[in-house]
Amino acid sequence: MNRKILITGATGSNGTEIVKRLAAQNVPVRAMVRNYDQAKKIALPNVEVVEGNFDHPETLLEALTEVDRAFLLTNSTERAEAQQLAFVEAARQSGVKHIVKLSQFAADAHSPVRFLRYHAVVEAAIQASGMTYTFLRPNLFMQGLLSFKSTITSQNAFYAAIGDAKVSVVDVRDIADVAVVALTETGHEGKIYNLTGPQALTHAEMAEQLSAALNRQIAFVDIPSEAMRDQLLNMPAWQADGLIEDYAHYRRNEAAAVSSDIQDAIGKEPRSFKTFACDYAAMFG
């Protein structure tokens with residue numbers, strides 16, 4: 001029986017990059033989506049698209065049929081912990097051998113940051129399940145800067161509650177590269193990879209590098225947490241509050257460490273922020 005790799009979160013920024021890489025390597029991959037309308041961007045050779053819903057475990061069991069390895073990723077909502085725990089149980093029941101979980105840098109069950117707490121709970125459940133695992137703990141995504149695109153385009157500025165704290169931001173493309181080797185090669189079982197870029201930067205330093213890539217001046221403006229929260233009114237409250245907790249974590253300089261884990265896992269240096277800024281310049285107008 002030719003067992004497959006299942007990718008959850010297959011149409012998100014991380015999942016799409018992973019599916020593209022596996023398809024390019026002619027690896028049979030199953031991409032789980034909530035509905036087929038979302039799947040156009042991953043309609044590639046060797047990619048089987050299946051519908052699955054984390055809130056309906058019976059659909060998970062179907063998606064996991066004949067799956068040997070799985071990549072676990074959900075949106076960070078108030079349901080994320082329960083959804084991921086349900087997936088872990090369904091994977092165990094289905095005979096999955098190995099889970100690669102996208103976690104978060106500094107995941108800790110006792111953290112004041114809700115995202116870091118739920119990731120730690122799910123990691124513990126996977127460790128107790130009997131399946132082998134690889135945990136990917138990326139720091140703040142460089143591509144997260146795209147969430148500031150509207151003010152960068154309209155005001156040549158972006159705003160956040162972080163002060164001059166440094167963060168070792170990481171490119172999503174490097175996360176995908178590590179995920180692919182963990183899903184397709186041996187030697188990554190039981191590993192916890194802290195995924196960072198090659199240097200820690202302040203948001204002001206990111207603005208300088210973005211300015212050079214865009215050939216126009218981009219400013220970073222530090223604002224209070226309350227003001228940042230006011231900018232997130234279109235986001236569900238649980239997620240917005242979690243993002244404010246994340247930024248408080250960054251502001252305390254708790255995300256400045258630089259790790260060699262990307263180099264160790266895939267044998268090449270992670271992409272720099274300068275490379276990200278140049279590659280994504282067109283998206284910032």
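Student: How many aromatic pairs does the structure hold?
Tutor: There are eight aromatic pairs. Keep in mind that this is a predicted model.

Student: Okay, take tyrosine 247 and tyrosine 250. How far apart are the ring centres, and what kind of pair is that?
Tutor: Their ring centres are 5.1 Å apart and the planes stand at 80°, so the pair counts as edge-to-face.

Student: Where do tyrosine 247 and tyrosine 250 lie?
Tutor: Both are in helix 9, residues 237-251. They are three residues apart, about one turn of the helix.

Student: And are those two buried or exposed?
Tutor: Tyrosine 247 is buried, and tyrosine 250 is buried too.

Student: Which residues form an aromatic cluster?
Tutor: Phe148, Phe158 and Phe220 form one.

Student: Switching to empty space: what lines the largest cavity?
Tutor: Tyr247 turns up again here, and Phe148 does as well. Others in the lining include Leu140, Met142, Val169 and His203.

Student: How much space lies in the largest cavity, and which classes of residue line it?
Tutor: About 50 Å³. The lining has eight nonpolar and two polar residues, with no charged ones.

Student: New topic, the sheet. What's the strand order?
Tutor: Seven strands make an open sheet in the order 3-2-1-4-5-6-8, with parallel pairing.

Student: Which strands stand at the edges?
Tutor: Strand 3 (47-51) and strand 8 (191-195). Each has a single partner strand, so one side of each has no neighbour in the sheet.

Student: How do strand 1 and strand 2 pair?
Tutor: Strand 1 (residues 4-7) pairs with strand 2 (residues 29-33) in the parallel sense, over three bridges. Leucine 6 stands opposite arginine 30 in strand 2.

Note on methods:
Residues are numbered from 1 along each chain as its sequence is written. This is a predicted model: local features need pLDDT of at least 70, side-chain atom pairs count only at pLDDT 80 or more; totals for chains, interfaces and linings use all residues. Side-chain values use heavy atoms; hydrogens and water are left out. On a 1 Å grid over the protein atoms alone, a cavity is a set of points where a 1.4 Å probe fits but cannot get out, and a pocket is an open set with protein on both sides within 12 Å along at least five of seven lines; lining residues have an atom within 4 Å of a point. Grid points are joined across faces, edges and corners, and a volume is the space filled by probe spheres set on the points. Ala, Val, Leu, Ile, Met, Phe, Trp, Tyr, Cys and Pro count as nonpolar, Asp, Glu, Lys and Arg as charged, and the others, Gly among them, as polar. Two strands pair if DSSP finds at least two bridges between them. Helices (H or I, at least four residues) and strands (E, at least two) are DSSP runs, numbered from the N terminus. Rings of Phe, Tyr and Trp (its six-membered ring) pair if their centres lie within 6.5 Å; planes under 30 degrees apart count as stacked, over 60 as edge-to-face and the rest as tilted. Buried means under 20% relative accessible area, exposed over 50%, partly exposed in between (1.4 Å probe, protein chains only).
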